[in-house]
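Subject: Structure for your review

Dear colleague,

I am passing on the structure we discussed, and I would be grateful if you could look through it alongside the notes below. The notes start with the contact between the chains and then turn to the chains themselves.

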Amino acid sequence: MSVLHLEIMTPDRVAFEGDVSSVYLEGSEGRLGILPAHTPLIATLSFGKLRFDQTGKPREFLCGEGFLEISENRASVLVDSAEDKDDIDQDRAERALERARSRINSKEADIDLTRAEAALRRAMARLKFVKGE
Amino acid sequence: MPNLLDIRRRIRSVKNTQQITKAMKMVAASRLRRTSDQAIRARPYSERLFCVHDTIVERMPELSGPLYRRQEGKWLLVVVSSDKGLCGAFNSNLLKAANNWLKHKGTEHVEVMPIGRKATAFFRKTPFTVVPGLKEPIRDVDVSTAETVAKLLLDRYLAGGLQEVVVLYNKFKNVLVQEITFAELLPLIGDSRDKAAVNGGVEHLAEPNAQAILDELGPKVLLTQVYQALMESTAAEHAARMTAMEAATNNAGEMIEKLTLDLNKARQAAITKELIEIVSGAAAL
């Protein structure tokens with residue numbers, strides 16, 4: 001069976017490295033499915049789930065924004081963050097969700113609404129991811 | 001003749017100092033391990049990111065965007081020092097190099113952004129224009145610290161009037177050697193045309209398109225460079241402190257030996273004197 005070499009890297013560590021049979025990730029233009037021998041590609045990624053199959057065993061990471069580069073059957077995923085299910089602190093995500101909600105609902109003028117909304121989306125995605133939906 | 005009590009006191013005080021320097025050496029050693037591990041773990045990401053950046057830059061017929069344009073104006077030097085002292089010539093060498101560089105460019109053509117307390121204190125006394133850097137001292141370098149610095153730099157650069165941003169820091173070469181390094185941060189010019197060729201020179205598809213990718217990639221490259229400089233500097237700082245404290249501990253040991261010798265000599269002299277006194281007293285009877 002043909003395989004693809006996948007590396008998931010964040011600024012502070014290499015989250016995963018190994019041969020996989022397929023990768024699905026959240027591109028900024030829509031979901032991307034990558035199979036072995038994909039044509040060289042550079043794409044931007046948005047926050048979302050990354051799934052790959054490692055010889056029949058599917059694994060999932062929740063990735064931040066970043067880039068995907070494919071060349072010579074090697075896929076490099078360069079993202080701000082990559083969390084395994086065990087890495088996510090559910091309490092922390094819930095607290096972040098609360099914080100983001102109250103920030104959006106508060107009427108103060110000096111609030112960066114886009115940032116608060118992004119935080120809210122991330123917190124919701126984290127919780128969904130942990131609960132396995 | 002030296003007083004016995006005085007020598008004993010001296011020995012005690014040097015021993016105390018030695019204990020402190022020894023403890024500091026151990027702390028520096030463990031921090032050094034942590035920070036150099038951190039720097040090594042961060043390497044694959046930055047290498048890959050620069051590679052992707054070069055690839056994109058390579059295929060752009062012309063570079064547009066504010067981060068790639070060369071403008072007329074001043075030079076901004078970012079000086080990464082440490083917050084604490086007691087690390088040998090770590091800060092003084094760095095600040096000396098910074099001072100020379102700034103003087104060479106001419107006081108009216110430069111601005112300086114100090115990072116770390118030592119640099120901040122130093123540049124307060126110099127005639128150069130200071131751009132405020134981090135408000136808080138750095139405890140542990142993480143991505144968010146680098147983000148803060150990168151944002152400050154980006155804001156300053158986009159405000160205009162700067163032709164180049166250069167960072168000066170101590171690079172961690174090995175435990176004994178710190179290398180003072182200048183690195184160009186902005187504008188982002190793909191400095192290594194041949195690196196992309198090493199990457200296979202393949203034509204990549206770009207999604208959504210090369211320009212959009214570059215717009216996102218640029219700030220990330222800057223951030224990663226700042227992050228690396230901060231990490232290298234911290235690792236180098238701990239290495240310098242470890243070496244300095246090791247030397248201090250050894251010196252204290254030598255001093256204790258010498259003082260102990262003096263103490264014994266003085267003690268023997270006192271005993272001999274007393275014996276002579278007793279003997280001559282007995283002879284006089």
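In this predicted model, the interface between the two chains brings 21 residues of chain A into contact with 26 residues of chain B. On the chain A side, the elements that each give two or more residues are strands β1 (4-10), β2 (13-20), β5 (41-45), β8 (66-71) and β9 (74-79). The largest share of that side comes from β5(A), which supplies 4 residues. Sorted by character, the residues with which chain A touches chain B comprise 9 nonpolar, 7 polar and 5 charged ones.

Strand β5(A) also takes part in pairing across the interface, since 3 bridges join it to strand β6 (residues 205-207) of chain B, and the two strands run parallel. Within that pairing, A:A43 has B:E207 in β6(B) as its bridge partner.

Turning to chain A as a whole, there are 10 strands and 2 helices, and their order along the sequence is β-β-β-β-β-β-β-β-β-β-α-α, with the strands written before the helices. The C-alpha atoms of chain A fill a box of roughly 55 × 25 × 25 Å along the principal axes. Of the 133 residues in this chain, 29% count as buried. If one takes the contacts in chain A between residues at least 6 apart in sequence, 47% of them join residues at least 24 apart.

In chain B, the element I would point you to is helix α1, which covers residues 4-59. Helix α1(B) has 56 residues and reaches 80 Å from its first C-alpha to its last, which is close to the 82 Å expected at 1.5 Å a residue. There is nevertheless a bend of about 35° in α1(B) at B:R43, and a proline, B:P44, follows within four residues.

The same helix, α1 of chain B, contains B:E47. Is this residue buried, exposed or partly exposed? B:E47 counts as partly exposed because it has 13 C-beta neighbours inside 10 Å, whereas 12 or fewer would make a residue exposed and 20 or more would make it buried. The C-alpha atom of B:E47 is separated by 31 Å from that of B:G88, a residue 41 places away along the chain.

With best regards

How values were computed. Residues are numbered from 1 along each chain as its sequence is written. Chains are lettered from A and ligands numbered from 1 in the order in which they are written. This is a predicted model: local features need pLDDT of at least 70, side-chain atom pairs count only at pLDDT 80 or more; totals for chains, interfaces and linings use all residues. Two residues are in contact if their C-beta atoms, placed from the backbone, lie within 7 Å. Ala, Val, Leu, Ile, Met, Phe, Trp, Tyr, Cys and Pro count as nonpolar, Asp, Glu, Lys and Arg as charged, and the others, Gly among them, as polar. Two strands pair if DSSP finds at least two bridges between them. The expected span of a helix is 1.5 Å times one less than its number of residues. The bend at a residue is the angle between axes fitted to the seven residues ending there and the seven starting there.
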